Every structure is written in structure tokens, then in C-alpha cells.
Amino acid sequence: MAKLSNEELLDAFKEMTLLELSEFVKLFEETFDVKAAAPAAVVAAAPAAGGAAPAEEAEEKDEFDVILEAAGDKKIQVIKEVRALTSLGLKEAKDLVDGAPKPLLEKVNKETAEKAKAALEAAGATVTIK
């Protein structure tokens, strides 16, 4: 295997997303049994690269979180909708509704998030999409 120069390594890191870079750091730590002393410095350096930041912003807009803010008056209907949208059992769904505001669905596409919001609002819940 050819040895990469520092500049070549930096160029490779500049092309990586923050998630890929984070996974690389974890793998590096496991492989060499070390801990990164300043992980924030590594993460902060990636957006400064310029090329990685716009790609990361565009990528984030593909994934949305559906947050249950409040159950409203029809709590039982909201629990039923939560169970229909997730794989939660009755107790888990009830606990989630009782503990609102809580994230209900995470990293879903826009269409799924909008459908979930419409179903929950029809059941009487207050929902936000982030």
C-alpha cells in the first residue's frame, strides 16, 4: 500500500461528510486503542474545508424529525396513531404521549414526516417537524 502524504490525507478528509469523519475517528480510536484529545477540533475543521459544508446542509434537508409536542384532548386517539406510526407497544406509546414533547419519528423523509404530522393532528395532537 502506498504511503499518503499529509496533504493527500487532508484532501481525503475534506471530501468526507461529518458523519463519515466521525465514523473514521471512532474506527481509528478502536484500531489504535487511543482517544481523540480534542474531537471538537476535528469536527470544526471539516466545515472550514468549504466543499463539505454545502453537501452536509443539503443532506440534512432530506431527513426530518417528527416531534410530538402535546397530545391534546383525544389522548387515546393519539396513542393509537403513535402505535400505527411506530412499532411501539401500548405502554411505550402511552409513555411517549404522556411525556410529550418527545421525538416520535427521527430521520425520516419529508413525505413520511408530513403524513405522520397529518395523522397525528387529525387525532388531536400538536406536532412539529424539524
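User: Hi! Is Phe 28 buried, partly exposed or exposed?
Analyst: In this predicted model, Phe 28 has 39% relative accessibility, so Phe 28 counts as partly exposed.

User: And what about Phe 32, buried or exposed?
Analyst: Phe 32 counts as exposed, because its relative accessibility is 53% and the cut-off for exposed is over 50%.

User: Where do Phe 28 and Phe 32 lie?
Analyst: Both belong to helix H2, 4 residues apart, which is about one turn of the helix.

User: How many aromatic pairs are there?
Analyst: The count comes to 3 aromatic pairs. One of them joins Phe 13 and Phe 24, a tilted pair with 5.2 Å from centre to centre and 55° between the planes.

User: Which helices hold Phe 13 and Phe 24?
Analyst: Phe 13 sits in helix H1 (residues 6–14) and Phe 24 in helix H2 (residues 18–32), so their pair ties together parts that are 11 residues apart in sequence.

User: What kind of pair do the rings of Phe 28 and Phe 32 make?
Analyst: That pair is tilted, because the planes stand at 45°, and tilted covers angles that are neither under 30 degrees nor over 60. The ring centres of Phe 28 and Phe 32 are 4.8 Å apart.

User: Back to Phe 13 and Phe 24: buried, partly exposed or exposed?
Analyst: Phe 13 is partly exposed, at a relative accessible area of 26%. Phe 24 is partly exposed too, at 33%.

User: Which residues form the aromatic cluster?
Analyst: Phe 13, Phe 24, Phe 28 and Phe 32 come together as one aromatic cluster.

User: New topic, the sheet. What is the order of its strands?
Analyst: The order is E2-E1-E3 in an open sheet of 3 strands, and the pairing is antiparallel.

User: Why is one side of E2 and of E3 left without a neighbour in the sheet?
Analyst: Strand E2 (102–108) and strand E3 (126–129) stand at the edges and each has a single partner strand, so one side of each has no neighbour in the sheet.

User: What's the turn between neighbouring strands?
Analyst: On average they are turned by 20° against each other, direction ignored.

User: How many bridges pair E1 with E3?
Analyst: Strand E1 (residues 64–70) pairs with E3 over 4 bridges, in the antiparallel sense. As for single residues, Val 66 has Ile 129 in E3 as its bridge partner.

User: Which helix packs on the sheet?
Analyst: That's helix H7 (residues 110–122), which touches E1, E2 and E3. The direction of H7 makes about 170° with that of E3.

Note on methods: Residues numbered from 1 in each chain as written. Predicted model: local features only at pLDDT ≥ 70, side-chain atom pairs only at ≥ 80, totals over all residues. Heavy atoms only, no water. Pairing = 2+ DSSP bridges. Helix = DSSP H or I, 4+ residues; strand = E, 2+ residues; numbered from the N terminus. Axes fitted to C-alpha atoms, helices over the stretch in contact; angles between N-to-C directions. Contact = heavy atoms within 4.5 Å. Phe/Tyr/Trp six-rings, centres within 6.5 Å; stacked < 30°, edge-to-face > 60°. Buried < 20%, exposed > 50% of the residue type's maximum accessible area, 1.4 Å probe, protein only.
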